[in-house]
Amino acid sequence: MNWHLLQLHELRQALGVGQEGLSDAQAAERMLEHGPNVLEGGRRRTLPRLVLGQFKDLMVLVLLAAAVIAGAIGDLTDTYIIVAIVCVNAVIGVVQEFRAEKALEALRRMAAPQATVRRGGELRTVPARELVPGDIVVLEAGQVVPADLRFTACHGLRMQEAALTGESLDTAKQPGELEGEGLPLGDRTNMGFKGTVVAKGRGEGIVVATGMRTEMGRIARLLDQGTTATPLQRRMTSFGKVVSVAVLALCAVLFAVGWLRGGDPLTLLLTAISLAVAAIPEALPALMSVSLALSAARMVKQRALVRRLAAVETLGSVTVICTDKTGTLTRNRMRVEELVVLDGPPHQHLLQAMSLNNDVVQGADGPVGEGTELALFEHAEGAGVNKAATERELPRVAEVPFDASRKCMSTIHRRSDGGHRIFIKGALEILLERTARPDPRWRSEADRLAAQGLRVMAIGMRDLPPGALPDDLHSLENDIALLGLAGIQDPPRDEVPQAIADCRSAGIRTVMITGDHPLTARTIAHRIGLLSGAELADARTVITGAELTRLGSSGMDDRVEHIRVYARVSPEQKLDIVSALQKRGHFVAMTGDGVNDAPALKRADIGVAMGITGTDVSREAADMVLLDDNFATLTLAVREGRRVFDNIRKFIKYILTANAGEIWAITLAPLVGLPVPLLPVHILWINLVTDGLPGLFLSLEPAERDLMGRKPRDPQESIFAHGLGVHILWVGLLMGLVTIAAQAWAIRTGHAHWQTIAFNVLCLSQMGHVWAIRCERSVFRTAFFSNPALFGAVALTFGLQAMVTFVPVFQGIFHTQPLTLEEFLAVTALSSVVFIGVEVEKLFSGRH
């Protein structure tokens with residue numbers, strides 16, 4: 001129903017409630033009919049579900065199948081090692097996601113409101129979940145509205161509704177009926193909505209909706225949709241399919257050719273499994289999870305909490321960031337930007353009025369009060385006018401509270417001579433009507449301030465002679481002297497303009513979506529550099545929700561590339577904006593803190609909620625939570641996402657090239673009349689140690705210099721794009737040929753331990769490869785110790801390789817023999833070929 005249209009007697013009749021409120025029996029009956037006043041949360045991700053979610057990857061499933069087959073034919077070593085690797089990967093993923101879930105669980109527990117209700121003529125406090133339609137709720141400053149209400153009485157009542165409507169300024173409430181069925185929520189001044197907060201005053205209202213029937217619940221229903229895969233997940237799924245199919249095909253061909261040549265089926269099966277183990281990068285899933293977890297840990301230090309590990313990398317693909325204004329781009333704290341007086345500097349009386357004409361009180365963490373009053377109070381304090389000292393000089397003896405119909409507030413103070421001084425603030429047109437000699441210059445100044453997107457507050461005073469105050473205090477609000485105008489605004493955060501500029505240089509467009517007035521939004525957008533001078537003059541760059549409705553979906557699709565600021569939009573329209581951008585091929589990040597943002601957070605490619613001002617619903621819908629509500633933190637997250645993807649590509653390049661080298665060596669050696677150069681235990685050692693250790697610490701490689709100067713990468717591009725696939729093939733072939741060359745040299749010159757030589761050449765060639773690919777530029781133009789962890793991993797791998805070659809106990813396990821000095825020098829020389837080859841590749845590709 002359109003409750004805001006009803007007169008109060010119609011409202012009480014429709015809900016079957018009188019002045020005394022519901023009886024306990026009526027409340028119990030309605031609880032059975034309507035259910036508890038709670039939002040139905042989505043199914044929580046339990047620990048078992050998190051664990052099972054780690055085993056959906058096709059490559060992991062193929063690995064497990066290989067482990068089962070290896071175990072079935074008696075090769076338990078391979079089975080144990082593969083299962084251990086898969087389990088480590090699962091544990092890493094579960095721990096990170098479980099921690100994020102627990103962090104959000106703690107945030108949800110922060111809000112457990114009680115409600116003061118009138119039942120049977122008595123006031124009582126009950127849990128908010130027990131409210132039912134028809135309950136009469138009493139509200140005071142600081143309380144959370146427990147359900148959707150229609151106000152029946154308001155006494156200076158102002159509400160903070162930004163979480164639901166996006167409106168940054170407090171909304172004045174009144175009990176009278178309104179006109180217009182399609183009024184936006186922010187304009188329904190006789191309604192209170194679940195989850196919003198009483199900023200000032202007190203009021204009373206009748207519950208008209210509870211639980212999922214509230215406006216907050218209606219928005220929560222829009223969240224009932226599945227999540228989409230991130231670019232990394234899509235790439236790795238495709239990658240896993242390609243690798244798995246290639247491995248199975250290669251094994252099948254090897255088995256078939258061997259069987260046709262009369263080979264032993266069991267021996268061929270063992271060889272095929274060895275080849276599968278060589279081809280599949282067992283360490284890759286674990287390395288991916290470790291890399292993302294390390295990045296997630298770094299991002300927490302930068303005040304960004306990651307809910308899904310894959311979201312770390314996802315930001316690297318973003319082409320458009322749709323951001324809320326209040327609290328994200330701005331400070332979420334009103335400030336006096338300009339003070340206007342017509343005759344000289346601010347008068348002392350003006351500063352006294354700003355200090356005293358408010359209900360600001362000193363709390364444990366500083367002054368507390370309504371946003372506009374706080375701004376005036378803090379400006380006076382900054383000018384040296386202390387409220388406590390001024391109140392001793394001019395104690396308050398009475399007040400006329402703010403009222404939505406009067407649009408002003410007065411406080412009355414006793415002077416030392418027995419007279420009284422009235423301070424009044426409110427809308428300029430109201431105060432001008434009460435001024436003895438209105439000056440037209442005030443209007444022109446107010447228009448100038450409003451044109452800058454500032455909220456204009458007029459301030460005046462009146463001195464009364466000694467004597468008693470009249471019974472009707474409203475009669476004193478005449479013959480006032482206008483002292484000045486205050487231009488008030490929620491100012492931008494200091495770091496936001498640079499963050500916007502960083503996004504622009506990175507090829508990312510920033511779009512503001514707000515519930516604020518379009519003029520305010522336009523002004524802030526220009527101040528932070530979101531709108532250039534030319535764009536400010538272009539009428540297509542700013543649009544309101546009402547204009548979007550008139551445009552329709554087709555008109556929206558045509559204009560979405562030009563619009564930079566959306567003002568006064570509804571939750572459904574936020575969904576439409578995200579969808580229209582996605583239709584254009586954009587990868588969209590959406591930030592928000594309110595319930596009204598949650599559906600768009602869910603629909604966006606990556607949703608980013610606010611940790612301080614954010615609602616439970618918005619956090620639940622998001623992939624990432626900004627713990628400091630700061631847009632600049634999001635820019636840092638984008639940088640981290642790009643760095644993560646760069647490093648993921650590096651260790652994919654490293655691991656797959658090494659595996660390609662193994663495959664080339666195993667398959668080409670028999671074709672040229674040489675024995676298979678590697679034993680299965682050698683392959684496992686290479687895949688788990690020489691692949692794993694350096695590959696892990698590639699994830700710590702610093703960002704490339706041009707990281708935020710590139711355009712966003714195409715979310716649809718393959719993981720093998722930009723020459724990665726070609727590099728894997730030719731460098732893998734080079735690695736395999738060098739290994740076979742070492743084997744052939746050793747056999748031809750009569751070295752009995754040729755297999756140890758081939759094993760060491762392949763392992764040490766990988767060390768040269770990892771050192772060469774750690775940066776896009778030549779390593780000779782990169783700081784040698786820029787990644788000390790990688791240097792340590794390479795040194796440790798050298799040490800471990802020496803251990804399995806020279807320590808007798810390991811020689812028995814790995815079937816190795818100690819090398820002579822001549823052999824060691826030959827291994828070192830041959831292993832450096834790959835490093836030189838990659839540096840030459842950089843030279844010809846223009847990256848040297």
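The following exercises, each with a worked solution, concern aromatic rings, charges over rings and cysteines in a predicted model.

Residues are numbered from 1 along each chain as its sequence is written, and side-chain values use heavy atoms, with hydrogens and water left out. In this predicted model, local features need pLDDT of at least 70 and side-chain atom pairs count only at pLDDT 80 or more, while totals for chains, interfaces and linings use all residues.

**Exercise 1.** Classify the ring pair of Trp685 and Phe814, and state which helices hold the two residues.

Solution. Rings of Phe, Tyr and Trp (its six-membered ring) pair if their centres lie within 6.5 Å; planes under 30 degrees apart are stacked, over 60 edge-to-face, and the rest tilted. The structure holds seven aromatic pairs. For Trp685 and Phe814 the centres are 5.0 Å apart and the planes stand at 75 degrees, so this pair is edge-to-face. Next, the helices: these are DSSP runs of H or I with at least four residues, strands being runs of E with at least two, and both are numbered from the N terminus. Trp685 belongs to helix H25 (residues 680–690) and Phe814 to helix H30 (residues 808–814), so the pair ties together parts that are 129 residues apart in sequence.

**Exercise 2.** Decide whether Trp685, Phe814, Phe784 and Phe785 are buried, partly exposed or exposed.

Solution. Buried means under 20% relative accessible area, exposed over 50%, and partly exposed in between (1.4 Å probe, protein chains only). Trp685, at 12%, is buried, and Phe814, at 9%, is buried too. Phe784 has 44% and is partly exposed, whereas Phe785, at 52%, counts as exposed.

**Exercise 3.** Find the ring cluster that includes Phe784, and name the charged residue over Trp771.

Solution. Ring pairs link Trp771, Phe784, Phe785 and Phe791 into a cluster. A charge sits over a ring if NZ of Lys or CZ of Arg is within 6 Å of the ring centre and within 35 degrees of the ring normal. Arg774 lies over the face of Trp771, 4.3 Å from the ring centre. Elsewhere, the charged end of Arg158 sits over the ring of Phe402, at 4.6 Å from its centre.

**Exercise 4.** Count the disulfides, then examine Cys154 and Cys322.

Solution. A disulfide is a pair of cysteine sulfur atoms within 2.5 Å. The whole structure has zero disulfides. For Cys154, the nearest cysteine sulfur is that of Cys408, 16 Å away; Cys154 is buried at 14% relative accessible area. For Cys322, the nearest is that of Cys503, 12 Å away, and Cys322 is buried at 0%.
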